[in-house]
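This report walks through one structure, region by region, for a reader who is meeting such descriptions early in their studies. Please keep the sequence and the 3D view at hand while reading.

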Amino acid sequence: MNDTHILAVRQLVKHYDGGTVEAIRNISFEARGGEILAITGPSGCGKSTLLALIGLLDRPTAGSILVGGLDLATIRDPFAYRACSVGFVFQFHHLISSMTLAENVAMPMIARKVPRAERRARALELLARMDLGHRAHFLPSRVSGGERQRAAVARALANGPSLLLADEPTGNLDSVNGARVVDLFIAHARDHGGTVVLATHNLELAARADRTIDIRDGQIVRISPAKE
Ligand SMILES: Nc1ncnc2c1ncn2[C@@H]1O[C@H](COP(=O)(O)OP(=O)(O)OP(=O)(O)O)[C@@H](O)[C@H]1O
Ligand SMILES: [Mg+2]
């Protein structure tokens, strides 16, 4: 790994159920700052598991993950790690149901102690960029599935994370809104040098990434284009 590698995954293994499920079998790759990396492969190949390990929602069985040179195995407080360095868009949106979209988007900034007025302004700006300005003060239950997903993308970008992990972020979206989400990811990568790791079935979406890592049965079968 060199200075420009924000993410390094080394010989990663993840078993579930005492080893009966080998979700990840020896995966290694690196990603640079400002790079958009697509993770593709059929259902059950290990995409969500891989993102959960990088986002420290779970711990690997073996191998290591370095983010900005820091070995995640040494991190004792996953909450602080996620709050400061990582944005996560889940396969299912995970918005807080008792908060409006604007409050959901502003929430990650509380951990960084951003002043209230600034949180609110940034939340509204991000929602406007997702064409959700008119829904900012609605609860998640009062908006469509696609609108919830776009709000979840806005929330993931709230802290300008160096690493954005997106698990099937366009699954609920039509092609126009799917393209809009990817535009936002590309702008984040180009303008802020953020690295985006995007798990998707959607090959059109994957085609807009800088590189694609194709996984089968927990192993990398292809990296394209091979730029290394
Ligand atoms: N908590 C768990 N306990 C046991 N097995 C699990 C668990 N989570 C995932 N698995 C298994 O690990 C493998 C990889 O699952 P994963 O969710 O990473 O796949 P995926 O590529 O994200 O699939 P999809 O495209 O359907 O979202 C699958 O065989 C799955 O059944
Ligand atoms: Mg998945």
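Leucine 56 counts as buried because it has 20 C-beta neighbours inside 10 Å, where a residue is called buried if 20 or more other C-beta atoms lie within 10 Å of its own, exposed if 12 or fewer, and partly exposed in between, with C-beta atoms placed from the backbone. Leucine 56 is found in the loop between α1 and β4 (62-67), and these labels refer to DSSP runs numbered from the N terminus, helices being H or I runs of at least four residues and strands E runs of at least two. The phi angle of leucine 56 is near 55°, a positive value in a residue other than glycine.

The model is predicted, so local features need pLDDT of at least 70 and side-chain atom pairs count only at pLDDT 80 or more, while totals for chains, interfaces and linings use all residues. Residues are numbered from 1 along each chain as its sequence is written, and chains are lettered from A and ligands numbered from 1 in the order in which they are written.

**Backbone angles**

Most residues other than glycine have a negative phi, and most peptide bonds are trans. Aspartate 217 also has a phi that is positive, near 50°, and its place is in the loop between β9 (211-216) and β10. Aspartate 217 is partly exposed, because 14 other C-beta atoms lie within 10 Å. The peptide bond from serine 224 to proline 225 is cis, with an omega near -20°, and proline 225 has its place in the segment after β10 (219-224).

**The ligand and helix α1**

Which residues are closest to ligand 1? The ligand is surrounded by 13 residues, and the closest are Tyr16, Ala23, Ser43, Ser48 and Thr49; a residue is near a molecule if its C-beta atom, placed from the backbone, lies within 6 Å of it. Both β2 (21-32) and α1 (47-54) supply at least two residues of this shell, and α1 gives the most, with three residues. The shell divides into four nonpolar, seven polar and two charged residues, where Ala, Val, Leu, Ile, Met, Phe, Trp, Tyr, Cys and Pro count as nonpolar, Asp, Glu, Lys and Arg as charged, and the others, Gly among them, as polar.

Helix α1 is mostly covered, since six of its eight residues are buried. Those buried residues are Lys47, Thr49, Leu50, Leu51, Leu53 and Ile54.

**The nonpolar core**

The largest nonpolar core, meaning a set of buried Ala, Val, Leu, Ile, Met, Phe, Trp, Tyr and Cys residues joined through C-beta atoms within 7 Å, has 61 residues. Those with the most contacts inside this core are Leu37, Val105, Leu127, Phe185 and Leu198. Helix α5 (residues 145-157) contributes the largest share of the core, six residues. If neighbours within four places in sequence are left aside, leucine 198 is in contact with Ile36, Leu37, Ala38, Ile39, Ala166, Pro169, Phe185 and Ala209, two residues being in contact if their C-beta atoms, placed from the backbone, lie within 7 Å.

**Two packed helices**

Two packed helices are described by the angle between their axes and the distance between the axes. The axes of α5 and helix α6 (residues 175-192) come within 11 Å and cross at roughly 5°. That makes α5 roughly parallel to α6, because angles under 35 degrees count as roughly parallel, over 145 as roughly antiparallel, 65 to 115 as roughly perpendicular and the rest as oblique. The axes are lines fitted to C-alpha atoms, for helices over the stretch in contact, and the angles run from 0 to 180 degrees between N-to-C directions. In this pair, Gly146, Arg150, Val153 and Leu157 of α5 meet Asn177, Val181, Leu184 and His188 of α6. The residues of this contact divide into four nonpolar, three polar and one charged.

**Three residues in helices**

The table lists three residues with their helices, their exposure and one C-alpha separation each.

| Residue | Helix | Exposure, C-beta atoms within 10 Å | C-alpha separation |
|---|---|---|---|
| Glutamate 125 | α4 (residues 116-129) | exposed, 12 | 30 Å to leucine 53 |
| Glutamate 103 | α3 (residues 101-111) | partly exposed, 18 | 8.3 Å to alanine 136 |
| Serine 85 | α2 (residues 78-85) | partly exposed, 18 | 12 Å to valine 196 |

Leaving aside neighbours within four places in sequence, serine 85 is in contact with Val67, Pro161, Ser162 and Leu163.
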